[in-house]
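Hi everyone, thanks for coming. I'd like to walk you through a structure that most of you haven't seen before, so settle in and have a look with me.

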Amino acid sequence: MRSLTLLLTLLLTTPTLAQPATTPPNIIFIFSDDHAAHAISAYGSTRNTTPNIDRLAAEGMLMRNFFCGNAICAPSRATLLTGLHSHANGQRTNQQTFDGSQITFPKRLQQAGYHTALIGKWHLKSDPTGFDHYEILPGQGQYYNPDYIHHTQGRHRERGFVTDLTTDKAINWLDNTRDADRPFLLMVHYKAPHRNWQPGPNELALFPDPIAEPDTLEDNHQGRSGVQSLQEMTIANDLWYGFDLALDHPDDTSQYTYQQTVARMSPDQRHAYEATFAQDNADFLKAQPNMTPSEVLRWKYQRYITNYLRVVAGVDRNIGRLLDHLDNTNLTNNTLIIYSSDQGFFLGEKGWFDKRWMYEESLRMPFIARWPGHIPPNTTSNALAQNIDIAPTLLDAANAPIPTHMHGRSILPILRGDQPDSPRDAIYYHFTASEAWHKVPAHYGVRTATHKLIYFYDHNAWELYDLALDPDERNSVYNDPAYADIQTNLTHRLQDLRTHYSDNTGKPLPTD
């Protein structure tokens, strides 16, 4: 009798995960723009806290080694949709127009009976396909009083702040438009924290104290191949006073003036915005003639990082609104919700802002998934995954067929806490927009759990990093005799990946 009682007690108190769902889940995919994982407290940030994103991590799984295949906005979005690397889906840079006729996971979910919607940033030039409803920002979109393009009503302008408005529209779709008799896919794509980092009214007063600087803020880029000198993305020299730093500077010669950045604001919005920076701007303009270059750099860094973290806080607050709404409408339990961003971002590391490089700050994407009863709560995974895996994973969760041509593979077993049949041992990266915006040279490479090999093929320059000993990637060990075997093996692995994905773009690997 005691044994039976003990057995019943264990059955009632031990949490269990459901078997593969027989009822397809609702899917909410939240995608921000340029949100670095190291600006999320669940990933260890000490510069800011993100309680609502952290809530998702506490109630689901956080993936620590999730990477993009091409760290730039439009290519990453095309990869998300197609499950293909950039060379295969045709979106190698921001300049191409996305081919919406190709197979995408929203189209496949439509075919499987899902009601599909996209709200927020699109940034792929062509009209969205695979969505029953869309309301998107034209181009990059605006932070204040943005325009939206509705799938039937066309373009219109709305008063308010873009992150709040996008959330309002997502909640409205959930309440008033979606078909309650079908599972749904809702893609909520925030503009923030993309450049030019204009905080909304609710976040203007945040972060009044100085933010810690990264150790490499004044990096001289020694110990690497030398291609770093080509870039134009330094906080010291390449941020624009008016556009990026909310300062109407008399010597600003950038293509976007300060007046252009505030032109869309209403008088009350502009007053609150400018009052936030007025005293600090006046103090800086008075002191700047006597400041050293290092002091100017540090002022720019503080203005940049403060506003970046403020717009991140706006995203986090709005994620909280969405999560609360799901709770209040009994949608939480059968909804798979994912938070991610199109790539990472430099927050002063190596002296930079922006992305594009295969270095960890821009290569790594945040990826957090919650699905009650199917993804164990408060778990992490160190498995290697990347954005080609998102489309097959969502199709797998929906019990929909995964097209065999997709480069990615479902990571649903990993999210469930199981071991995949063939875990990925390396990820492939290829940035092709060579020395265009920000002058970052084209390169491709391979990253394993412990090492990274990068080939800057227009300059025949190589870099090899031991990520365990040098996580900040300060010293390339390429041609170091101690790494000869690793270098040879990674070179072969890189060629294997280029062959596996049929990537013939860019210059081939040297054969000698």
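I'll go from the overall picture to the pockets and cavities, and then to a handful of single residues.

First thing to keep in mind: this is a predicted model. Okay, so what secondary structure does the chain have? It comes to 14 helices and 16 strands. If you lay a box along the principal axes, the C-alpha atoms fill roughly 85 × 65 × 55 Å. How does the radius of gyration fit with a compact globule? For 512 residues you'd expect a value near 24 Å, and the chain has 23 Å, so the two agree.

Now, burial and contacts. Of the 512 residues, 59% count as buried. Take the contacts between residues at least 6 apart in sequence: 69% of those join residues at least 24 apart. As for the outside, the chain exposes about 20,600 Å², and carbon and sulfur atoms supply 50% of that.

Let's move on to the pockets. The largest pocket has a volume of about 820 Å³. Its lining takes in 30 residues, and the ones nearest the centre are Gln140, His194, Arg195, Phe243 and Tyr256. What's the make-up of that lining? We get 11 nonpolar, 13 polar and 6 charged residues.

The second largest pocket comes in at about 690 Å³. Here 28 residues form the lining, with His38, Glu360, Glu361, Arg364 and Asp472 nearest the centre. This lining divides into 9 nonpolar, 7 polar and 12 charged residues.

Next up, cavities. How many of them reach 30 Å³ or more? The structure holds 4. The largest cavity is about 60 Å³ in volume, and its lining includes Leu384, Asp389, Arg409, Ile411 and Arg424. Sorted by type, that lining has 6 nonpolar, 2 polar and 3 charged residues.

The second largest cavity has a volume of about 50 Å³. Among the residues lining this one are Asn70, His85, His87, Tyr428, His430 and Asp503. Helix 4 (86-89) and strand 13 (427-431) are the elements that each give two or more residues to this lining. By type, it's 1 nonpolar, 8 polar and 1 charged.

Now for a helix I'd like you to find on the screen: helix 12, residues 390-397. Is it mostly covered or mostly open? Mostly covered, with 7 of its 8 residues buried. Those buried ones are Ile390, Ala391, Pro392, Thr393, Leu394, Leu395 and Ala397. Just past the end of helix 12, Asn399 takes a positive phi of about 60 degrees.

One of those helix 12 residues, Ile390, comes up again as a contact of Phe367. Phe367 sits in strand 10, residues 367-370. Why does Phe367 count as buried? Because its relative accessibility is 1%, and the cut-off for buried is under 20%. Leaving out residues up to four places away in sequence, Phe367 also touches Tyr43, Met61, Phe66, Ile338 and Leu415, among others. Then there's Asn65: it is 302 residues from Phe367 in sequence, yet their C-alpha atoms are 8.8 Å apart in space.

Over in helix 3, residues 73-82, you'll find Ser76. Ser76 is buried as well, with a relative accessible area of 1%. Setting aside neighbours within four places in sequence, Ser76 is in contact with Phe31, Asn70, Asp342, Gln343 and Asn387. You may recognise Asn70 from the lining of the second largest cavity.

Last topic: the backbone. Most residues other than glycine have a negative phi, and most peptide bonds are trans. With that in mind, here are some to look at. The peptide bond joining Ala192 and Pro193 is cis, with omega at about 0 degrees. Pro193 is in the loop between strand 8 (184-189) and helix 7 (241-245).

Phe207 is also found in the loop between strand 8 and helix 7, and its phi is positive, near 60 degrees. Is Phe207 buried or partly exposed? Partly exposed, at 21% relative accessible area.

Asp34 has a positive phi too, about 70 degrees, although it is not a glycine. Look for Asp34 in the loop between strand 1 (26-32) and helix 2 (51-58). Asp34 is buried, with a relative accessible area of 1%.

That's my tour, and I'm happy to take questions.

Technical notes. Residues are numbered from 1 along each chain as its sequence is written. This is a predicted model: local features need pLDDT of at least 70, side-chain atom pairs count only at pLDDT 80 or more; totals for chains, interfaces and linings use all residues. Side-chain values use heavy atoms; hydrogens and water are left out. On a 1 Å grid over the protein atoms alone, a cavity is a set of points where a 1.4 Å probe fits but cannot get out, and a pocket is an open set with protein on both sides within 12 Å along at least five of seven lines; lining residues have an atom within 4 Å of a point. Grid points are joined across faces, edges and corners, and a volume is the space filled by probe spheres set on the points. Ala, Val, Leu, Ile, Met, Phe, Trp, Tyr, Cys and Pro count as nonpolar, Asp, Glu, Lys and Arg as charged, and the others, Gly among them, as polar. Helices (H or I, at least four residues) and strands (E, at least two) are DSSP runs, numbered from the N terminus. The radius of gyration is taken over C-alpha atoms; the globule rule is 2.2 Å times the number of residues to the power 0.38. Buried means under 20% relative accessible area, exposed over 50%, partly exposed in between (1.4 Å probe, protein chains only). Contact means heavy atoms within 4.5 Å. Accessible areas come from the Shrake-Rupley method with a 1.4 Å probe; for residues, only the protein chains shown count as cover.
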